[in-house]
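Trainee: I am new to this structure and would be grateful for a close look at its salt bridges and their surroundings. Please let me view the model before I put my question.

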Amino acid sequence: LEDQVVSLGVRKDVKELLEKADVFLFTSSSEGFPVALIEAMAIGLPCVSYEFPSLKEIDNDFSRIEVVPQGNIDGAVQKIIYLSKHPEEAELLGTKASQHVSAKFASDINAKLWIEFLSDLNTSKQKL
């Protein structure tokens with residue numbers, strides 16, 4: 001993969017880069033909320049990720065992300081190769097990921113949840 005994988009460093013054109021990518025590899029060992037992974041899923045990229053505890057909050061049954069054990073480089077490479085050789089499955093994975101992110105993490109949904117949370121917090125404070 002050395003000829004096909006490039007590390008670009010810090011960029012401001014992430015959305016454009018993601019739109020040109022074939023697959024997204026996420027190798028964090030720990031994340032509270034993996035924004036980069038969510039962004040890739042939202043674009044409809046098929047994603048390969050190391051498993052970490054909060055990943056199930058993003059995709060509880062791993063049906064929208066190809067997951068390999070933490071540090072399993074060979075497993076991640078094999079998933080990427082598989083997706084590159086099976087474009088229909090890669091496209092389906094990306095489509096399911098995009099639909100899931102739109103349904104679960106859309107800004108209007110999250111804004112409503114934050115407003116409810118803050119309202120409940122404020123109500124609890126007033127009772128004290």
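Trainee: With which residue does R11 form a salt bridge, and how far apart are the closest N and O atoms?

Mentor: The model is a predicted one. In it, R11 forms a salt bridge with D13, and the closest N and O atoms of the two are 2.9 Å apart. R11 has a relative accessible area of 35% and is therefore partly exposed. Its partner D13, at 26% relative accessibility, also counts as partly exposed, since that class lies between the limits of 20% and 50%.

The count of salt bridges comes to 5. Another of them is formed by R64 with D59, where the closest N and O atoms are 2.4 Å apart. Here R64 is buried, and D59 is buried as well. These two residues also belong to a network of salt bridges that links D59, D61 and R64.

A further salt bridge is formed by K79 with E66, with 2.9 Å between the closest N and O atoms. This pair links distant parts of the chain: K79 lies in helix α4, residues 73-85, while E66 lies in strand β3, and 13 residues separate them. K79 has a relative accessibility of 27% and so counts as partly exposed. E66 is likewise partly exposed, at 22% relative accessibility.

Strand β3 leads to the sheet. This is an open sheet of 3 strands in the order β1-β2-β3, paired in parallel. Strands β1 (24-26) and β3 (66-68) stand at the edges; each has a single partner strand, so one side of each is left without a neighbour in the sheet. On average, neighbouring strands of this sheet are turned by 15 degrees against each other, direction ignored. Between β1 and strand β2, which comprises residues 47-50, there are 3 bridges, and the two strands run parallel. Within this pairing, F26 stands opposite S49 in β2. Helix α2, residues 35-43, packs on the sheet and touches β1 and β2; the direction of α2 makes about 160 degrees with that of β1.

Two serines may be considered next. S98 is found in helix α5, residues 87-105. At 19% relative accessibility, S98 counts as buried, because the limit for that class is under 20%. Apart from its neighbours within four places in sequence, S98 is in contact with M41, A42 and G44. S54, in turn, has its place in the loop between β2 and α3 (55-58). With a relative accessible area of 9%, S54 is buried. When neighbours within four places in sequence are set aside, S54 is in contact with E31 and G32. From S54 to D120 the C-alpha to C-alpha distance is 25 Å, and the two residues are 66 apart in sequence.

Finally, there is a nonpolar patch on the surface. W114, F117, L118 and L121 make this patch, which covers about 440 Å². F117, one of its members, is found in helix α6, residues 107-127. The relative accessibility of F117 is 46%, so F117 counts as partly exposed.

Key
Residues are numbered from 1 along each chain as its sequence is written. This is a predicted model: local features need pLDDT of at least 70, side-chain atom pairs count only at pLDDT 80 or more; totals for chains, interfaces and linings use all residues. Side-chain values use heavy atoms; hydrogens and water are left out. Two strands pair if DSSP finds at least two bridges between them. Helices (H or I, at least four residues) and strands (E, at least two) are DSSP runs, numbered from the N terminus. Axes are lines fitted to C-alpha atoms, for helices over the stretch in contact, and angles run from 0 to 180 degrees between N-to-C directions. Contact means heavy atoms within 4.5 Å. Patches are made of residues with over 30% relative accessible area and no salt bridge: like charges are joined within 9 Å, nonpolar side chains (Val, Leu, Ile, Met, Phe, Trp, Tyr) within 5 Å. Accessible areas come from the Shrake-Rupley method with a 1.4 Å probe; for residues, only the protein chains shown count as cover. A salt bridge is a side-chain nitrogen of Lys or Arg within 4 Å of a carboxyl oxygen of Asp or Glu. Buried means under 20% relative accessible area, exposed over 50%, partly exposed in between (1.4 Å probe, protein chains only).
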